[in-house]
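Visitor: I would like to go through this model term by term. Please give the value and the rule behind each label.

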Amino acid sequence: MERPLRILGIVNLPWDPRLGAARVWFELSEQWTKAGHKIDKFCLSDAFPMPTRSRALSAWRQAVFPYRAARYVRRNAGKFDVIDCLIGTLPFSKKSLRFDGLLVGRSIGLYLAYDEFIRFSRRHWPDQPCGKFLGRFFYTFTSWLLRRSAGRALARCDLFNVPNEDEKQLLKKCSAAQTIVLPYGLNEAERAALAGAAQSASGRLAQKEICFLGMWSVRKGSRDWPEIIRAILNSVPSARFSFLGTMTDQQTVLRDLQLSSSESIRCLTSYDPKELPRLIGGSVVGLFPSYIEGFGLSVLEQLASGIPTIAYDVPGPRHIFAATDAQFLVPVGNTKAMAGRALEILQMNETDYSALSAKCRQIAAQFRWEQIASDTIREYTAALARQKSRSQPREGQTVSV
């Protein structure tokens, strides 16, 4: 093994594996530590040790987080070979940070694409709540600060690490730095637990439960679900729907769904990740009507459980399924097509469903944190070597003058 790397991970969220973005660093850190590398982190909880329930204060903390992160790096720059940071959390020159290692900007969903969706959603659903004037002004200002930091970071990083090919092509238009594409995955224990808790094909087909994993929001398809549910219930009245990890109360979900009865709906605001295999073990199909996604770990979790999962054809899920598995993708916003695919699966016989379920597990098996962590180290080691080779001629010229 080559010399172990000293890596600092920086993310402007609490170090909580239940949060999608933080989970990426959490999982990679675990694998890198097992491989003998030295890993440290600087997260929102390190920058602001006192927790808060104030949404306004939380937004402000994220906006000023880069300055706390920069202060930490200046004090500890010599301890690290690589800084792996969320794009925008360290938008400063390496010289000002007193850091001469590899500065990597990581995307967990590129801000450029998310900004585009926000503009689209405001046009498409103009009735979204706007809040009070002062609140709108404050959040507009903090959002501007975050976007400015992300934009500045594009000129500062040595390397970008993104989870799908679409983001790589988008970054090519904005930065000359190299971009690598490395997906996300599941670890061995997660895959085993999800597969082990899966119910039989006959049991799943009998229960007719459809699941969705993720936050309840416009971006994740909350405005599309009423049409999807109505279309499915019209054909299969006994179908059931399970919404897990909505991060909002059931009353809000039911109101948005516009249903006269809640009998067919199960809603969990949050759950222990260890409980997920049991919670989805009986689901027959997963639906993921997300409009913008960096990768889609929840899609991967359902596939690992052998649950055929239909998603909108957006960058993250598109990378998971690739061109060979287009049967799992439908056009963005096409609720009729998504409901139609779900009905096809609900009406399958056991043999056909078992074959499709096995295919889903095969797809999920391609995305392993163990391999992804190893591939990342290989890319970082190569980038460090290139960086060192470029700096040596300059050092030689300096000595000869």
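Visitor: What makes the space of about 490 Å³ a pocket?
Guide: The model is predicted: local features need pLDDT of at least 70, side-chain atom pairs 80 or more, while totals for chains, interfaces and linings use all residues. Residues are numbered from 1 along each chain, and side-chain values use heavy atoms, without hydrogens and water. On a 1 Å grid over the protein atoms alone, a pocket is an open set of points where a 1.4 Å probe fits, with protein on both sides within 12 Å along at least five of seven lines. The second largest pocket holds about 490 Å³, a volume filled by probe spheres set on points joined across faces, edges and corners.

Visitor: Which residues line the second largest pocket, and what is their class?
Guide: There are 22, with D100, G101, L384, Q387 and K388 nearest the centre. Ten are charged, six polar and six nonpolar. Asp, Glu, Lys and Arg count as charged; Ala, Val, Leu, Ile, Met, Phe, Trp, Tyr, Cys and Pro as nonpolar; the others, Gly among them, as polar. Helix α17 (a DSSP run of H or I, at least four residues, numbered from the N terminus) gives nine, the largest share.

Visitor: How do you know that the chain agrees with a compact globule?
Guide: The rule is 2.2 Å times the number of residues to the power 0.38, and the radius of gyration is taken over C-alpha atoms. For 401 residues that gives near 21 Å; the chain has 22 Å, so the two agree.

Technical notes. 1 Å grid on protein atoms, 1.4 Å probe; cavity = no way out; pocket = protein on both sides within 12 Å on 5 of 7 lines; lining within 4 Å. Helix = DSSP H or I, 4+ residues; strand = E, 2+ residues; numbered from the N terminus.
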